[in-house]
Amino acid sequence: MIYTITLNPALDKTVEIPSLTIDSVNRITTLRTDPGGKGINVSKVIRKLGGESIAVGILAGNTGRAICAAVENIGIKTAFRFVNGETRTNLKVIDPINHTNTDLNEPGITISEDVLNELLSELLSRIQENDIVVLSGSLPKGSPEDTYSVWGNACKKAGAKVILDADGELLKNGLTSSPYLIKPNHHEISELMGKKLEKPNELKKAARTLMSQYSIAKIIVSMGGAGALFVTPDETIYAEGLKVPVKSTVGTGDSVVAALAISEESGKNLQDTVRLSIACGAANVMCSGTQAAEYETVKKLIPEVVYQNLIPLPPASVFHLSVSFSYDSCTSGCNSFSCVLYSSPSFLFCGILST
Ligand SMILES: Nc1ncnc2c1ncn2[C@@H]1O[C@H](COP(=O)(O)OP(=O)(O)OP(=O)(O)O)[C@@H](O)[C@H]1O
Ligand SMILES: [Mg+2]
């Protein structure tokens, strides 16, 4: 089972106001509400992909009840703990005339450490070997800074594979629990490493450093429209972002995390994981707000995903020697030869032996 943890959920209220004007009365033309928070978004995408997950988190008041009902309506199982107060509502104002997006986010509730501990105990009582726990998003006020490392360690000890998607101090702290997989974007990993990283090879090096420093099995670095890098102990794959019409980039990271969780649960190989993740990210940007894309859209995009293994270029002397050897052999007419080809533009190395 996949458990998504949303400790600081929100009701996302998205309104359209043509020509939004400050210090004036504005008319809302369309309004929609969606249950939000990163873990809940991951659960929504998993559901669309035909998977199952249990959404775990903390809710409060009428807004909390509305979120719980909406999540269950989608067909997602829940294990929310209710506390006093009112879950926050985040207002997103879209102005289709001036093409602006304005967010007005409430501060949200303050929780006690006891509530967190009770919720964690309940989760641990459910976890079975090889379950997946997705820790993602911000923490409510009152949470200790080391919450993700405490939860990560406890879930791992209970047999779960932990996927961590957080930023700043929460990510830094969560790393100390050696999560199974992390999905920083290129800005988040740059912040971790203390320098701006953009190129796939720079990001690969940083990911490998983090992997050995914190014993992390898999690191996926998303790079917005430029795609993503998938780093495992044996392989590094760089996949380009798909060229699709962009409606909203909100929650794209969450859709990739959902694809990664599903892939892990179903034991997909790395290539299929790459295809699903990139297709999911692209399908998500084609949707407005935090709406999850339809599986049909994702399936149509899967064959379009382009990726390559990143393998270091062999030394230049070997490059020249091998090319000339293969040319001579191939034109000599003998029926037994070996042909070795290094392809430098794509950094690929292919070894071909034929008789
Ligand atoms: N403009 C785009 N066009 C095509 N694909 C995109 C675009 N933006 C994002 N994606 C896809 O979605 C993936 C995740 O995007 P991104 O790196 O922006 O995540 P993120 O920064 O973690 O997002 P979030 O705001 O949800 O945390 C990318 O790796 C890419 O495959
Ligand atoms: Mg993100």
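**Ligand shell, two helices and three loop residues in a predicted model**

The 21 residues of the shell around ligand 1 divide into nine nonpolar, 11 polar and one charged. Here Ala, Val, Leu, Ile, Met, Phe, Trp, Tyr, Cys and Pro count as nonpolar, Asp, Glu, Lys and Arg as charged, and the others, Gly among them, as polar. The structure is a predicted model, in which local features need pLDDT of at least 70, side-chain atom pairs count only at pLDDT 80 or more, and totals for chains, interfaces and linings use all residues. Residues are numbered from 1 along each chain as its sequence is written, while chains are lettered from A and ligands numbered from 1 in the order in which they are written.

A residue belongs to the shell if its C-beta atom, placed from the backbone, lies within 6 Å of the ligand. The closest to ligand 1 are Asn185, Ser222, Gly225, Gly253 and Gly281. Helices α8 (252–266) and α9 (270–285) each supply at least two residues of this shell.

The chain holds 11 helices and 16 strands. These are DSSP runs numbered from the N terminus, with helices (H or I) of at least four residues and strands (E) of at least two. Of its 355 residues, 40% count as buried. A buried residue has 20 or more other C-beta atoms within 10 Å of its own, an exposed one 12 or fewer, and a partly exposed one a number in between; C-beta atoms are placed from the backbone. Among contacts between residues at least 6 apart in sequence, 66% join residues at least 24 apart. A contact requires C-beta atoms, placed from the backbone, within 7 Å.

Helix α3 (residues 113–126) has 14 residues. From first to last C-alpha it reaches 20 Å, close to the 20 Å expected. The expected span is 1.5 Å times one less than the number of residues. Leu116, Leu119 and Leu123 of α3 are buried. Seen down the helix axis, the buried residues fall within an arc of 70°, so they line one face of α3. The arc is that of the directions from the axis to the C-beta atoms. These residues pack against β1 (2–6), β4 (53–60), β5 (77–83) and α4 (147–157). The face turned away carries the exposed residues Glu113, Asp114, Asn117, Ser121, Glu122 and Ser125.

Helix α7 (200–214) has 15 residues, and its end C-alpha atoms are 21 Å apart, in agreement with the expected 21 Å. Its buried residues are Pro200, Leu203, Lys204, Ala206, Ala207 and Leu210. They cover an arc of only 165° around the axis, which puts them on the same side of α7. Their cover includes α6 (186–193), β11, β12 (228–231) and β13 (236–239). Ser212 and Gln213 are exposed on the face turned away from the buried side.

Ser215 follows α7, in the loop leading to β11 (218–222). Its phi is positive, near 50°. Ser215 is exposed, with 12 other C-beta atoms within 10 Å. Asp23, in the loop between β2 (10–16) and β3 (30–36), also has a positive phi, near 65°. Asp23 is exposed, with 4 other C-beta atoms within 10 Å. Most residues other than glycine have a negative phi.

Thr290 lies in the loop between α9 and α10 (295–301). With 26 C-beta neighbours inside 10 Å, Thr290 counts as buried. Leaving aside neighbours within four places in sequence, Thr290 contacts Asp12, Asp34, Gly36, Asn41, Val250 and Gly251. Thr290 and Thr249 are 41 residues apart in sequence and 8.6 Å apart in space, C-alpha to C-alpha.

Note on methods:
Two residues are in contact if their C-beta atoms, placed from the backbone, lie within 7 Å.
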